[in-house]
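Work through the exercises below with the model open. Each task is followed by a solution in steps.

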Amino acid sequence: MSNVAVIGSQWGDEGKGKIVDWLSSRADVVVRFQGGHNAGHTLVIDGVEYKLNLLPSGIVRPGKLSIIGNGVVVDPWALLKEIQIVKEKGVKITPENLMLAENANLILPVHRALDQALEITRGNTPIGTTKRGIGPAYEDKVARRGIRVCDLAHPDLLKDKIMAMMCHHNILLKGFGAEPIDTMETYNKLMEIADDILRYAGVVWKRLDEARQDGKKILFEGAQGAMLDIDHGTYPFVTSSNTVAGQAASGSGMGPDAVKYVLGITKAYTTRVGTGPFPTEQDNEVGAFLGERGKEFGTVTGRKRRCGWFDAVLVRQTVKLCGIQGIALTKLDVLDGLDEIKICTGYELDGKTIDHLPASQIHQANVTPTYETLEGWKESTRGARSWAELPASAVKYVRRVEELIGAPVALLSTSPEREDTILMRDPFVD
Ligand code: GDP
Ligand code: IMO
Ligand code: MG
């Protein structure tokens with residue numbers, strides 16, 4: 001058994017899609033286990049770009065089983081639309097290669113309306129959510145009033161559950177001064193697509209157990225990043241799910257021993273979309289350079305991503321929080337041409353040196369990074385496919401990152417293209 005979990009080690013958008021796609025050639029099953037269509041995972045295969053939100057990144061490879069696990073919140077209309085768009089690119093998607101957990105919770109139009117209304121109530125300090133209803137859907141799940149995929153097979157129960165849910169939310173929406181959502185319209189719209197969704201529904205935990213018994217290789221595809229985790233991230237500026245590696249098991253219905261290797265996807269610098277603390281942010285020409293070179297615009301919302309230097313303190317922390325055994329270092333090529341490159345090695349807080357990001361919102365906003373400066377390189381690393389092609393200063397940078405975060409580089413990515421990837425150690429056989 002050599003299953004691998006791919007986890008974002010920063011604030012998301014580290015290049016998980018590209019790496020999952022690359023690794024999926026070695027896997028049999030690819031499983032999403034948390035988040036929803038707030039995720040935007042980009043794959044580039046021979047110049048063709050795929051932007052996936054809910055579909056696991058293994059979907060583009062024939063012969064692989066893609067699974068949307070119970071830990072994911074699923075907007076059924078968004079899912080059907082995405083299936084359609086990806087099919088139009090020539091990818092085959094049928095219940096043979098896509099399975100949806102029957103116990104996954106649904107995102108309904110009311111969740112999207114609530115997400116928008118709640119952001120407005122946050123006034124000057126919105127979270128900057130993707131406004132896709134993710135938070136409110138997870139709230140309903142925990143409040144035990146959620147609608148699940150399996151409920152679509154029982155119209156009467158479904159109607160009762162929607163009525164109970166809407167009764168609660170419409171009072172809230174009214175209080176916010178927002179338009180209420182029509183209960184029967186939601187029900188009717190759901191009934192229209194119920195069969196289209198139910199054809200993919202199945203008993204995921206059992207299917208995964210069978211795959212495991214058959215010695216199949218499972219790749220768990222994380223969404224977001226560990227610093228957006230509901231418990232361990234920069235709360236409250238986080239998403240509403242656990243994004244750390246521990247979630248891979250419970251979000252798919254397997255025991256914790258199912259994950260043998262945790263691969264942290266790590267950008268060679270740092271980005272963040274939305275509000276919240278970002279100690280190494282460079283709101284200056286350096287940030288502009290990284291944003292432009294790295295094409296740092298949100299895959300889901302098109303928002304400009306905030307950019308800054310690599311924060312080794314944060315990644316060292318997520319290495320521990322996720323049990324990361326190795327990293328895939330991505331977007332090294334974006335640093336090409338810089339005279340010097342900084343790495344954050346520690347923080348100062350109230351005159352004291354600290355080696356981690358504290359939990360307090362006040363402390364997180366007030367830490368000052370301590371940097372060390374490394375020499376940059378003028379040569380291009382873009383598209384490099386072997387370690388030998390890298391300039392000495394780039395090698396030095398990578399080695400220093402490894403040293404500071406306490407984890408080795410297993411994969412190195414040098415462009416968006418699938419094959420522009422250097423393998424140092426295979427996570428499936430490590
Ligand atoms: P994800 O959410 O972690 O899957 O990442 P996104 O797809 O949202 O954002 C990563 C962006 O960087 C995408 O546009 C990728 O095509 C691109 N990308 C991935 N790896 C590399 C790389 O090594 N170099 C460059 N220049 N771009 C990359
Ligand atoms: P991938 O999988 C980057 C951020 C949002 C916002 C916060 C909460 O592509 O890496 P939400 O809509 O989840 O309630 O928003 O989380 N966020 C992401 N940032 N990458 C993502 O996904 C993200 N998914 C959510 O910008 O700050
Ligand atoms: Mg993304």
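**Exercise 1: the surroundings of ligand 1**

Around ligand 1 there are 19 residues, and Lys16, Thr42, Thr299, Asp333 and Ser413 come nearest; a residue counts as near if one of its heavy atoms lies within 4 Å of the molecule. This is a predicted model, in which local features need pLDDT of at least 70 and side-chain atom pairs count only at pLDDT 80 or more, while totals for chains, interfaces and linings use all residues. Residues are numbered from 1 along each chain as its sequence is written, chains are lettered from A and ligands numbered from 1 in the order in which they are written, and side-chain values use heavy atoms, with hydrogens and water left out.

Task: list polar contacts of ligand 1, then state its cover and its pocket.

Step 1. A polar contact here is a pair of N or O atoms within 3.5 Å. An N or O atom in the side chain of Ser413 is 2.5 Å from an oxygen atom of ligand 1. For the side chain of Arg305, the distance from an N or O atom to a ligand 1 oxygen atom is 3.2 Å. Thr414 takes part through a polar backbone atom, 3.5 Å from an oxygen atom of ligand 1.

Step 2. On its own, ligand 1 has 580 Å² of accessible area, and the protein covers 94% of it (Shrake-Rupley method, 1.4 Å probe).

Step 3. The space that ligand 1 takes is the second largest pocket. A pocket is an open set of points on a 1 Å grid over the protein atoms alone, where a 1.4 Å probe fits, with protein on both sides within 12 Å along at least five of seven lines; a molecule sits in a pocket if more than half of its atoms lie within 2 Å of its grid points.

**Exercise 2: ligand 2**

Task: repeat the steps for ligand 2.

Step 1. Among the 20 residues around ligand 2, Asp13, Lys16, His41, Thr130 and Thr239 come nearest.

Step 2. A polar side-chain atom of Lys16 is 2.6 Å from an oxygen atom of ligand 2. Gly40 offers a polar backbone atom at 2.9 Å from a ligand 2 oxygen atom.

Step 3. The protein covers 97% of the 550 Å² of accessible area that ligand 2 has on its own.

Step 4. Ligand 2 takes the space of the largest pocket.

**Exercise 3: domains**

Task: which domains does the domain assignment of the protein give?

Step 1. The assignment, automatic or from a database, gives domain 1 (9-13 + 27-259) and domain 2 (264-423).

Step 2. Each of these domains supplies at least three residues to the shell around ligand 2.

Note on methods
A polar contact is a pair of N or O atoms within 3.5 Å; within protein, one must be able to donate a hydrogen and the other to accept it, and residues adjacent in sequence count only if both atoms are side-chain atoms. On a 1 Å grid over the protein atoms alone, a cavity is a set of points where a 1.4 Å probe fits but cannot get out, and a pocket is an open set with protein on both sides within 12 Å along at least five of seven lines; lining residues have an atom within 4 Å of a point.
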